[in-house]
Amino acid sequence: MIAAQLVIERALACASVDDTIVIVTDSSDATLRWAGNSMTTNGIATSRRWEVVSIVRDSTVRVGTVSSTSVDPDDIAAVVRASEAAARSAEPAEDAMPLLTPESVVAASGSEDWDRSATHTSIDVFGSLATELNVGFDGEDALYGFAQHTVDNVWLGTSTGVRRTFTRPTGSVEINGKRSGASAWMGTGTTDFQDVSAGTMLAELSTRLGWARNTIELPAGRYETLLPPSAVADLMIYLMWTMEGRGAQEGRTALSRAGGTRVGEKLTELPLTLYSDPRESGLEYVPFVVAGSSSDSVSVFDNGMDIERVDWVRDGSVAALSYPRAAAQRFGAPVAVPGDNLVMAGGTDTGLDDMVAATERGLLLTTLWYIREVDPTSLLLTGLTRDGVYAIEDGRIIGAVNNFRFNESPLDLLRRITEAGKTEATLPREWKDWFTRTAMPPLRIPDFHMSSVSAAQ
C-alpha cells in the first residue's frame, strides 16, 4: 500500500478539471468483546478510505465526489476520472466559493508533519482493562460489554496547494451488568485507555444493581428528575446537530423566528455555556474542515479551513449557528463549523451524589436510547429510558422503577433547569457510535415529562 501522501499527489497530478480535493483516511481499529463473564472476541483491523472531490467551473459550478477503498495505485486515475464525470453531470452547487489557499489557512507553518507515517493502534491498548475485567468476572454479576479503539490518520490535499494532516485516536468502553433480572450500564470515552478504570465502573454497576433489589411501579407523569452527564450529552448533541444557520434563516427549525433566527435569545438564567473546541484538553478533534460532500452545516469548498471554538450557547443565551463560508456570506453571519466535541460549562462543583442527597422526592435516570425527533419546529424528541431508573426519597435511592417513554425538547429543558452540577467527561449512550467526545454536568429538571410507561426491561 503506497503512502497516503502519494495517493493525494498522484490524484491531483492526473486531475483535469478546475479544482480537485483529495482526502485520505488510514484507520486501524482494535476491538474487545465479552459476554457472560468470558472474553469472546478480540481483533485488529486496518483500512483505507479515500475521496476525490472534483469541481468544474464554467457557466456554473458543479461538484462530484467518488470514494474508494482500493489500495491499488493503478486505480487512482480511474477514481479521478469517475469523480470528474460526476461533477460534469451534477446540478449547480449552491455553496460555491473559491477554494482556500495555503496563505488563507492560519495554522502555524510546520505545525503539521505532512510527511509522517500513519499511527496505528494495537490490541495491547486493552491490557489493563482486560486484567481488571477478569477480576470482575469472578463476581456475582453477569457482565457483557464492548471496547473499541480507533486511530484515524487524515490527510487532505487540494489543487490550490493546501496540505493538512491530523491523527485522531478515539476509544470507548461499555459495560452492562445483570443481576436477578436487573440491568445497569456504564460507559466512558477515552483516547488511549490510560484513564479508564474498569474497577471503578464495576463498583458503580454493583451499586446500581443493588438499588434494584427493591422495585417500584410508577405511572407516567412529570417528575423532578436528575439527568446524569451521559443522558445530558445525548440530548445536547442532538441540539447542536440542529443548530444550522440556513435552516433557521429559512424558518425550518426550532432556532427560527420571524425575520431571522433565535441567536441572542435567553434560554436560562443559569450561566451555562455549550461549546465545541478542537483544542479542548482530552477531547481534541481534527482542527480543520474535512468534507467529502456539502450540507447545510459544512461545505466541500471549505476543505482545509481552520476550525475555531464555537459557543453555541453562551451564559444561557443562544450564541451561534453553523454556517459554511457561502451561507455566512449570504446571510451576513459569522462562519461557524459544527464540532466533533461538545462541552457544557458553567455549573457548580456539586456532584451527582450530592444532588441525589439534596432531593426530597424524584427520579434518577441513567441512560436514554432510541431517541427520535417528533417535531423539528420545536425540537421535540422522544425516546426511552434504559438500564436503570431509580426512585429518590429524602435524599436516598429507595429502589428501581419501571422504564418510561419521554417527550422533551432540549431547548425547553435548558429553560427549565434548576440546577447544573460539575462538568465531567462522559460517553453518550445513544450517539456514541458517531460522537464520543463530550463533557457535561448532571442536571436537575423539576418536571421531566415521562409520557408513558415502557414495557422494555
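# Exercises on a sheet, a helix and two cores

UniProt lists residues 221-451 under "domain: Metalloprotease TldD/E C-terminal", in an unreviewed entry; UniProt positions are given in the numbering used here, feature names are shortened, and annotations may be inferred rather than shown by experiment. The model is predicted: local features need pLDDT of at least 70, side-chain atom pairs count only at pLDDT 80 or more, and totals for chains, interfaces and linings use all residues. Residues are numbered from 1 along each chain as its sequence is written, and side-chain values use heavy atoms, with hydrogens and water left out.

**Exercise 1.** Describe the span 221-451 by its end separation and its helix and strand content.

*Solution.* The end C-alpha atoms of residues 221-451 lie 6 Å apart. The span is 16% helix and 37% strand. Helices (H or I, at least four residues) and strands (E, at least two) are DSSP runs, numbered from the N terminus.

**Exercise 2.** Lay out the open sheet of 6 strands and find its edges.

*Solution.* Step 1: the order is β13-β12-β11-β14-β21-β20, with mixed pairing. Two strands pair if DSSP finds at least two bridges between them. Step 2: β13 (317-318) and β20 (424-426) each have a single partner strand, so one side of each lacks a neighbour in the sheet. Step 3: β11 (residues 273-276) and β14 (residues 341-345) pair in the antiparallel sense over 3 bridges, and Leu274 stands opposite Met344 in β14. Step 4: β14 and β21 run parallel, joined by 3 bridges; Leu342 has Thr438 in β21 as its bridge partner. Step 5: β20 and β21 pair in the antiparallel sense over 3 bridges, and Ala425 has Ala439 in β21 as its bridge partner.

**Exercise 3.** Determine which way the residues Arg437, Thr438, Ala439 and Met440 point from β21, and whether they are buried or exposed.

*Solution.* Arg437 and Ala439 point one way, Thr438 and Met440 the other. All are buried, where buried means under 20% relative accessible area, exposed over 50%, and partly exposed in between (1.4 Å probe, protein chains only).

**Exercise 4.** Locate the largest nonpolar core and the contacts of Leu342.

*Solution.* Step 1: a nonpolar core is a set of buried Ala, Val, Leu, Ile, Met, Phe, Trp, Tyr and Cys residues joined through side-chain atoms within 4.5 Å. The largest has 54 residues, and Met236 and Leu342 have the most contacts inside it. Step 2: its largest share, 9 residues, comes from helix α5 (residues 229-241). Step 3: with contact meaning heavy atoms within 4.5 Å, Leu342 touches, among others, Met236, Ile237, Met240, Leu274 and Trp312. Step 4: a second, separate core of 32 residues includes Val125, Ala130, Val173 and Ala182.
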